[in-house]
Every structure is written in structure tokens, then in C-alpha cells.
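Dear colleague,

I am passing on the structure we spoke about, with the sequence and the coordinates shown just below. After that come my notes on what was found in it, arranged by region so that you can follow them with the structure open.

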Amino acid sequence: MLREKILRILGYSTKCLWADLAVLFGLGCAGVGIGYGNMAVATGGVSISLSAAWFSIRENQQALLSQQPQRAIAPRDQTEVSLDHFQRESLEQILDLCRNFYSRAHSQLPSNFKEKDVQVVLERLLRSTFPNSDIRREYPIPQPYCHGRLIDFMLVDEKVAIEVKVVSAQGRRNRLFDELAVDLEAYRHSETSFRKLICFVYDPNNQLPNPRGFENHLRGDRGGFEVITIVAQNPYQANGVSSAG
């Protein structure tokens, strides 16, 4: 429709238009209610305005966020995230270590292990696989306007960084996606020296119900580096019941 085309050109959605009209309608009702001393009408009008204003703000935020991947996939950024042959081979080896972490290294973890324990074991695997590489722990990532962040691992020559997360309690599981999303957005606005960022999520009890969906939502070009998310689960367990010792 012509109206929708005009709204798109102006960067405005039909939903937002109706929401703003509802804001005006609610304010009008509130004014009438106050004028006639009818507080029920006034209160209802204020409620309509607040609800519609919140909806309009949310729609505009989602529209702005949806535009970010388009800016991140510029041809210049695609060139920046590329690796040479040696780096690509190293990347595949790192991804293989992460995907098969349970079968390779779970037995090396203490019974009540924490995220730090997974990092220690992963570092041992990395150093044995890449004995001549410059592997750094707690690598500082400078950021504008603040002191910066520390990323768990940085393989300098391979231009690969690794962020480690562990799925544990229910609350932690629910916050995990948001934590990673915030970290990735912060790195996107930083002076990064890596080209690939691996988000290694260790889920030994298979608590994430849709690991492939989790991976897909957190992967992709971020403008200057590419995110690859790996959720490593227990391959011998299904639906919370172990099928092998």
C-alpha cells in the first residue's frame, strides 16, 4: 500500500503509527476525564497512553537492532574476518576440541567443577595441540570510554579468541544468552585483533533444550570479526537420562 511505502521511507512502521495515535487518544481521554471530574476515565486514558508509548518505544528499538547485521556484513568487513590457510586449519582444530570436549576432557574436571576449571582443562588441550603458538589467558580488549574487557583466550598467530561459558543452574542458563549477547556487542565496538571469536558453551548435563538454535542465534559477522558458537553437550545423554557410563 502507498501509505506503508511512505512510512518505510520515513523509517516509521505502521505499528508505531497506530501506537502513537493511541497515545494521543489516551491523552485526550485523560483530558476529558479531568475536565469533567471523572477520575476513572482520566486514569484509563493515562493507562492507554503509557501502554501505547511503551509499545512504540519497543518497536523502534527492535527496528534499530534489526538493522545492525546489515551494517556488519559490509564487503570491507567480510575481507577483514578472512583467515589464511594455516589459520583456517588451526580454527578447525580448535572447533573440534570444543565440540568433543566432553569425550576428550570431562574426566579431567573435578566433581563440582566451575567455569574456571573448564578454562584450565581447555588451556591444557590448546597448548598440547598448538605447542608453538602464542596462547594468552585473560587477554585485554581495549574499549573506548572504559577500562576494557578481558577475553578468556587469545591465540595471537591464529587470530582466534575464545570465550568460555558453562551451563549450570537454571538461573544461570536463563542469563547465559543475554550475557554473551552483551559481551559480543561490547567487542564489536572495541579494537579487536582477532578475526574469529569462538563462544564455547559447555553444557555437560544437556540443560539447553535447543543447542543448535542457541548456536545459530549467536553466530555471524559482527563487523571486523566473526562469531562461531559451539554448544558442547554430553553425547551419551538424552533427555536427562545417561545412556553410557
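Leu 126 is a good place to begin, and with a relative accessible area of 0% this residue counts as buried. Please keep in mind throughout that this is a predicted model, and that the values in these notes are computed from it.

Leu 126 sits in helix α7, and, once residues up to four places away in sequence are set aside, Leu 126 touches Ile 94, Leu 97, Ile 135, Phe 153, Leu 155 and Ile 162. For one of these partners, Phe 153, the separation from Leu 126 is 27 residues in sequence and 9.8 Å in space, taken from C-alpha to C-alpha.

The helix that carries Leu 126, α7, runs over residues 115-129, and its 15 residues reach 21 Å from the first C-alpha to the last, which is close to the 21 Å expected at 1.5 Å a residue. Its buried residues are Val 118, Gln 119, Val 121, Leu 122, Glu 123, Leu 125 and Leu 126, a list that includes Gln 119 and Glu 123 as well as the leucines and valines.

Two of the contacts of Leu 126, Ile 94 and Leu 97, lead to helix α5, where both are found among the buried residues. Helix α5 covers residues 85-99, has 15 residues, and spans 21 Å between its first and last C-alpha atoms, again close to the expected 21 Å. The buried residues of α5 are Gln 87, Ser 90, Leu 91, Ile 94, Leu 95, Leu 97 and Cys 98. They lie on the same side of α5, because the arc they cover around the axis is only 155°. As background, an α-helix has 3.6 residues a turn, so residues three or four places apart point the same way. At the N-terminal end, α5 is capped by Asp 84, a side-chain oxygen of which lies 3.2 Å from the backbone nitrogen of Phe 86.

Which residues touch the most other members of the largest nonpolar core? In this core of 30 residues they are Phe 101, Leu 126, Ile 162, Phe 200 and Tyr 202. The elements that give two or more residues to this core are the helices α5, α6 (101-105) and α7, together with the strands β2 (146-155), β3 (160-166), β4 (196-203) and β6 (226-233). Another core, of 20 residues, lies apart from it, and among its members are Ala 161, Cys 199, Val 201 and Leu 218. Returning to Tyr 202, its contacts beyond the neighbours within four places in sequence are Phe 101, Tyr 102, His 106, Leu 109, Phe 113, Val 118, Lys 165, Val 166, Val 167 and Ala 232.

Since you may wish to know about the cysteines, the structure holds 0 disulfides. Cys 98 counts as buried because its relative accessibility is 0%, below the 20% cut-off, and Cys 199 likewise counts as buried at 1%.

Glu 215, in helix α9, is a charged residue that deserves a look of its own. With a relative accessible area of 8%, Glu 215 is buried, and, leaving out residues up to four places away in sequence, Glu 215 touches Thr 229, Ile 230 and Val 231. The side chain of Glu 215 reaches the backbone nitrogen of Val 231 at 2.8 Å, while the C-alpha atoms of these two residues, 16 residues apart along the chain, are separated by 6.7 Å. A polar contact of 2.9 Å also joins the side chain of Glu 215 to that of Arg 212.

Two loop residues may be worth checking for their backbone angles. Lys 159, in the loop between β2 and β3, has a positive phi of about 55° although it is not a glycine, and at 31% relative accessibility Lys 159 counts as partly exposed. Asn 206, in the loop between β4 and α9 (211-217), also has a positive phi, near 55°, but Asn 206 is buried, with a relative accessible area of 18%.

For the chain as a whole, there are 9 helices and 8 strands, and 40% of the 245 residues count as buried. Among the contacts with a separation of 6 or more, 63% come from residues 24 or more positions apart.

With best regards

Methods: Residues numbered from 1 in each chain as written. Predicted model: local features only at pLDDT ≥ 70, side-chain atom pairs only at ≥ 80, totals over all residues. Heavy atoms only, no water. Helix = DSSP H or I, 4+ residues; strand = E, 2+ residues; numbered from the N terminus. Expected span 1.5 Å × (residues − 1). Buried < 20%, exposed > 50% of the residue type's maximum accessible area, 1.4 Å probe, protein only. Disulfide = S-S within 2.5 Å. Arc of directions from axis to C-beta. Polar contact = N/O pair within 3.5 Å; in protein donor to acceptor, adjacent residues only side chain to side chain. Core = buried A, V, L, I, M, F, W, Y, C linked by side-chain atoms within 4.5 Å. Contact = heavy atoms within 4.5 Å.
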